[in-house]
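Colleague: Could you take me through this structure step by step? I should like to begin with the vocabulary.

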Protein chains: 2
Amino acid sequence: VSPRSSAEDAARTRARIVHAAVNRASALGLESISVRDLADDLRMSKSGVIGPFKSRSELLAAALDMAITTFQSTVIEPTMRTPAGINRMADLVERWVDYLTQCPFPGGCFITAASIELDNRPGRLRDRIAQTVGRWHEFLTREVHALNPSQPVERARDAATTLIGISMATNQELQLLADPAAGPRAKRAMRMALTTFTLNPPIAPDAGKT
Amino acid sequence: VSPRSSAEDAARTRARIVHAAVNRASALGLESISVRDLADDLRMSKSGVIGPFKSRSELLAAALDMAITTFQSTVIEPTMRTPAGINRMADLVERWVDYLTQCPFPGGCFITAASIELDNRPGRLRDRIAQTVGRWHEFLTREVHALNPSQPVERARDAATTLIGISMATNQELQLLADPAAGPRAKRAMRMALTTFTLNPPIAPDAGKT
C-alpha cells in the first residue's frame, strides 16, 4: 500500500475506535470505558485499540472531543448561514431539541452526562468539558441578547441558563422517563423563554408576585 | 445493654453507613460505592458495613432513599404550612435554590447525578429514581397550575420542565463551573418562568416570532 492510503487506513481505524468509545460512554459514562470492552466490540487486540492514542486517557479525551464536535456540526454550524436574530434562534431551538430526541449516541446527551460524571474528577477531561459548557453559555447569551438588545445582558444570561436547563430536563424526560411528549414540550418551553425575553416593555422577574 | 438500646445502636450504625454512602455517591456516583471504601471511611469491617443491609444493592437503595428524603424534608415539607399559591411557590423557589447552593452532599444534587448515572442501567434503583422524578414533575405541575388556573394544564407542565431544568443547569454551574452568580441567577430565572405563567392575558410560546 502507498503511504497515503496507509495514513487513511490509520485515520479510519482511529475514528472507528473513537466512535465505539463514544457509544459506550454515552450509556454508562466515560470512566466506564475499558480498553478490553472496546477490543471486544471492535474485534481488535487491546494494543490495537490503544495504539493510535498512546494511553486510555488520550482515548477518552478523543471520545469527548468527538461528542463535542458532533453537537457543534449538527446543531450550531447549520444555523450560522442565517444572521443573528429570531429566525436563527428558532432554527437553533429546532435543531437542538431534535438532537436530543434523535440522539446520535445511544445513551442520550453525551455532554450533559459527561459534565455530571466529571464535575468532581479534577483533570484534563473535566477542564475540557467545563470550557465547552462555559463557551456554550456565552454563545447563547450573545444569541439571546441579539433578539432584544434593549434588555440588560444579565437577562440574556438568565435566559441562556433557562434554555440549557430545559435541554437537560428534556434529556432526563427522554432517557429516564421515556416520555414521548418531551420533544414538543421542550420546543414550547424554549420558545416561551425567548418570547418572554423579547417582550417590550420587558416584564420583571417578580411582576406576578402578589 | 438492654434490647432497646441495642436496637437504637443498630439504627445509629445503619444511619452512619448510609450517610457515608450518600457522601461518596454524591461525588462519584452510586455505582462507584465499594463496601471496602466505606469500611475504610468508617473504620469498620466489610461484614459490619454490609450486615444491616444484607447486600450492596440494598445499601445503595438505602442511600438513594436517604437522599430523596433529605430533599423532601428540606425543600418541600416546610412549604406545606402555606396554602398553594404564589407565596408557597416563592418559598419553594427559595428553598430549592438554597438547597443547590448549600448542598448537604459534597458532590452536589444527588438526584440529578443519580438520574443521569442510572438512566441506562435497568433495575430497582433506576425504577425508584424514575418514580421520584415523575412525581416531582406532577407535584410542580399542580403547584404551578394553582397560580393561574385559567391557563391550560399543559402550560403548567411546560413550566414544571422549565423549573426542573433551571435547577439542573444551576447544579452544573455550581459544580462544574463554580460560578458564584449561579444561585441568584436561578432564583431570577425561576421567578421569570412563573411570572410568565401567571400573566393575564397569557402570552403564547411564539408571540415574539417575527
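Modeller: A residue is called buried when its relative accessible area is under 20%. Please keep in mind that this is a predicted model.

Colleague: Understood. How many residues are in chain A, and what share is buried?

Modeller: Chain A has 210 residues, and buried residues make up 53% of them.

Colleague: How many helices and strands does chain A have?

Modeller: There are nine helices and zero strands in chain A. Read along the sequence, the pattern is therefore written α-α-α-α-α-α-α-α-α. The C-alpha trace of chain A spans about 70 × 35 × 35 Å along its principal axes.

Colleague: What share of the contacts in chain A joins residues at least 24 apart in sequence?

Modeller: The share is 65%, counted among contacts between residues at least 6 apart in sequence.

Colleague: May we look at one residue? Where is A:Gly108 found?

Modeller: A:Gly108 lies in the loop between helix 5 (86-101) and helix 6 (110-118) of chain A.

Colleague: Is A:Gly108 buried or exposed, and why?

Modeller: A:Gly108 counts as buried because its relative accessibility is 0%, and the cut-off for buried is under 20%.

Colleague: Which residues is A:Gly108 in contact with, leaving aside its neighbours within four places in sequence?

Modeller: With those neighbours left aside, A:Gly108 is in contact with A:Ser26, A:Cys103, A:Asn171 and A:Gln175. In addition, A:Gly108 and A:Ala27 are 81 residues apart in sequence, and their C-alpha atoms are 7.3 Å apart in space.

Colleague: Let us change topic to the two chains together. How many residues does each chain bring to the contact?

Modeller: Chain B brings 56 residues and chain A brings 56 residues. Between them the chains bury about 4,800 Å², with 61% of that area on carbon and sulfur atoms.

Colleague: How many salt bridges and polar contacts are there between the chains?

Modeller: Six salt bridges are found across the interface of chain B and chain A. One salt bridge joins the side chains of B:Glu154 and A:Arg188, at 3.5 Å from N to O. The count of residue pairs in polar contact between the chains is 17, with both residues at pLDDT 80 or more.

Colleague: Which helix of chain B gives the largest share of the side that touches chain A?

Modeller: Several helices of chain B each supply at least two residues to that side, among them helix 1 (3-28), helix 5 (86-101) and helix 8 (153-175). The largest share, 16 residues, comes from helix 8 of chain B. By class, the side of chain B that touches chain A has 23 nonpolar, 19 polar and 14 charged residues.

Colleague: What turn lays chain B on chain A?

Modeller: A turn of 180° with a shift of 0.0 Å along the axis lays chain B on chain A, with an RMSD of 0.0 Å. That is the relation of a two-fold axis. The same surface serves both copies, as 100% of the contact residues of chain B recur in chain A.

Colleague: Which residue of chain B comes closest to the rotation axis?

Modeller: That residue is B:Gly165, whose C-alpha is 1.8 Å from the rotation axis.

Colleague: One last residue, please. Where is B:Asn148, and is B:Asn148 buried or exposed?

Modeller: B:Asn148 sits in the loop between helix 7 and helix 8 of chain B. B:Asn148 counts as buried because its relative accessibility is 4%. A polar contact of 2.7 Å joins the side chains of B:Asn148 and B:Ser150. Leaving aside neighbours within four places in sequence, B:Asn148 is in contact with B:Phe197, B:Thr198, B:Leu199 and B:Asn200.

Technical notes. Residues are numbered from 1 along each chain as its sequence is written. Chains are lettered from A and ligands numbered from 1 in the order in which they are written. Side-chain values use heavy atoms; hydrogens and water are left out. Contact means heavy atoms within 4.5 Å. Buried area is the accessible area (1.4 Å probe) that two parts lose on being put together, summed over both. A salt bridge is a side-chain nitrogen of Lys or Arg within 4 Å of a carboxyl oxygen of Asp or Glu. A polar contact is a pair of N or O atoms within 3.5 Å; within protein, one must be able to donate a hydrogen and the other to accept it, and residues adjacent in sequence count only if both atoms are side-chain atoms. Helices (H or I, at least four residues) and strands (E, at least two) are DSSP runs, numbered from the N terminus. Ala, Val, Leu, Ile, Met, Phe, Trp, Tyr, Cys and Pro count as nonpolar, Asp, Glu, Lys and Arg as charged, and the others, Gly among them, as polar. Buried means under 20% relative accessible area, exposed over 50%, partly exposed in between (1.4 Å probe, protein chains only). Copies are superposed by least squares on the C-alpha atoms of residues with pLDDT of at least 70 in both.
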